[in-house]
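Notebook open, structure loaded. I want to look up the annotated spots and jot down what sits around them.

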Amino acid sequence: RGDKMAAAGPATRRVGFVGAGRMAGAIAQGLIRAGKVEAQHIVASAPTDRNLCHFQALGCQTTHSNQEVLQSCLLVIFATKPHILPAVVAEVAPVVTAEHILVSVAAGVSLSTLEELLPPNTRVLRVLPNLPCVVQEGAIVMARGRHVGSSETKLLQHLLEACGRCEEVPEAYVDIHTGLSGSGVAFVCAFSEALAEGAVKMGMPSSLAHRIAAQTLLGTAKMLLHEGQHPAQLRSDVCTPGGTTIYGLHALEQGGLRAATMSAVEAATCRARELSRK
């Protein structure tokens, strides 16, 4: 069944969005820019025109009917707020067929909850993107439901790679991803800001310091990903005996940077789990 969707090339593949907020728009833009789906083959629904105008600007079709999206697309991404997702899924359930592949990007709504609301054997996946999807550099994880085969998973992974790096994981990792990568964007911003403020303290103009700090993060991340190095290896490559870096690292250790960062990921993950239980 996934084969029909997989066989459809970019010229004929249709993708639907229920919910048209920032994340839905980022994913749609990534798919269009990468040439994976044509704009006129994307259909988005939302209760008002406020968010749909972004989809209209991309050249996508829009509607106020969630059921209409499912009637015109076999691959549908649900990008509503988590607290309204169960009601939205229940509303579209009558038009769901065995041909559909349904994808939820809502944090905290489990695959079992979604499967219970839908007809038996419906193919459901959970995807958790993060904000850098808006610049096609997202860190995305996906977990498959009980009725999803590897062809559908590969298809979704192929599409989502238009928005960044996409990895398949067990559902238990999704809340950890929230703490590491969803919230992690804010943690990295806090570090980038502190890095730049250190330079400002030593006399560098603020805007220059912030640009250089951000570029330092970008360059370091690229080296870690492209060369597959462990961060400890790259760190020790930068440290010359008695040089500037080891003095700076000693100051970071005194400030408890590592423990604070590990605690931040732990706290955010625990909060994600708490919200999932609700």
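I started with the UniProt record: an unreviewed entry puts "domain: Pyrroline-5-carboxylate reductase dimerisation" on residues 171–275. Note to self: this is a predicted model. I checked the make-up of residues 171–275 and got 83% helix and 0% strand. The C-alpha atoms at the two ends of that span are 15 Å apart.

Next I looked at what glutamate 171 pairs with. Its side chain makes a polar contact with the side chain of arginine 126, at 2.9 Å. I traced arginine 126 to strand S6, which runs over residues 123–128. Is arginine 126 buried or exposed? Its relative accessibility is 6%, so I put it down as buried, the cut-off being under 20%.

Then the "binding site" feature, again from an unreviewed UniProt entry: Ala79, Thr80, Lys81 and Pro82. I looked for these in the pockets, and Ala79, Thr80, Lys81 and Pro82 are included in the lining of the second largest one.

I took two of them in turn. Alanine 79 is in the loop between strand S4 (75–78) and helix H5 (85–92). It counts as buried because its relative accessibility is 16%. Setting aside neighbours within four places in sequence, I found alanine 79 in contact with Val18, Gly19, Ala24 and Val105.

Threonine 80 is in the loop between S4 and H5 too. At 13% relative accessibility, threonine 80 also goes down as buried. What does threonine 80 touch, not counting residues up to four places away in sequence? My list reads Val18, Gly19, Leu85, Val88 and Ala106. Val18 and Gly19 thus turn up for alanine 79 and for threonine 80.

Note on methods
Residues are numbered from 1 along each chain as its sequence is written. This is a predicted model: local features need pLDDT of at least 70, side-chain atom pairs count only at pLDDT 80 or more; totals for chains, interfaces and linings use all residues. Side-chain values use heavy atoms; hydrogens and water are left out. UniProt positions are given in the numbering used here, feature names are shortened, and annotations may be inferred rather than shown by experiment. Helices (H or I, at least four residues) and strands (E, at least two) are DSSP runs, numbered from the N terminus. Buried means under 20% relative accessible area, exposed over 50%, partly exposed in between (1.4 Å probe, protein chains only). A polar contact is a pair of N or O atoms within 3.5 Å; within protein, one must be able to donate a hydrogen and the other to accept it, and residues adjacent in sequence count only if both atoms are side-chain atoms. On a 1 Å grid over the protein atoms alone, a cavity is a set of points where a 1.4 Å probe fits but cannot get out, and a pocket is an open set with protein on both sides within 12 Å along at least five of seven lines; lining residues have an atom within 4 Å of a point. Contact means heavy atoms within 4.5 Å.
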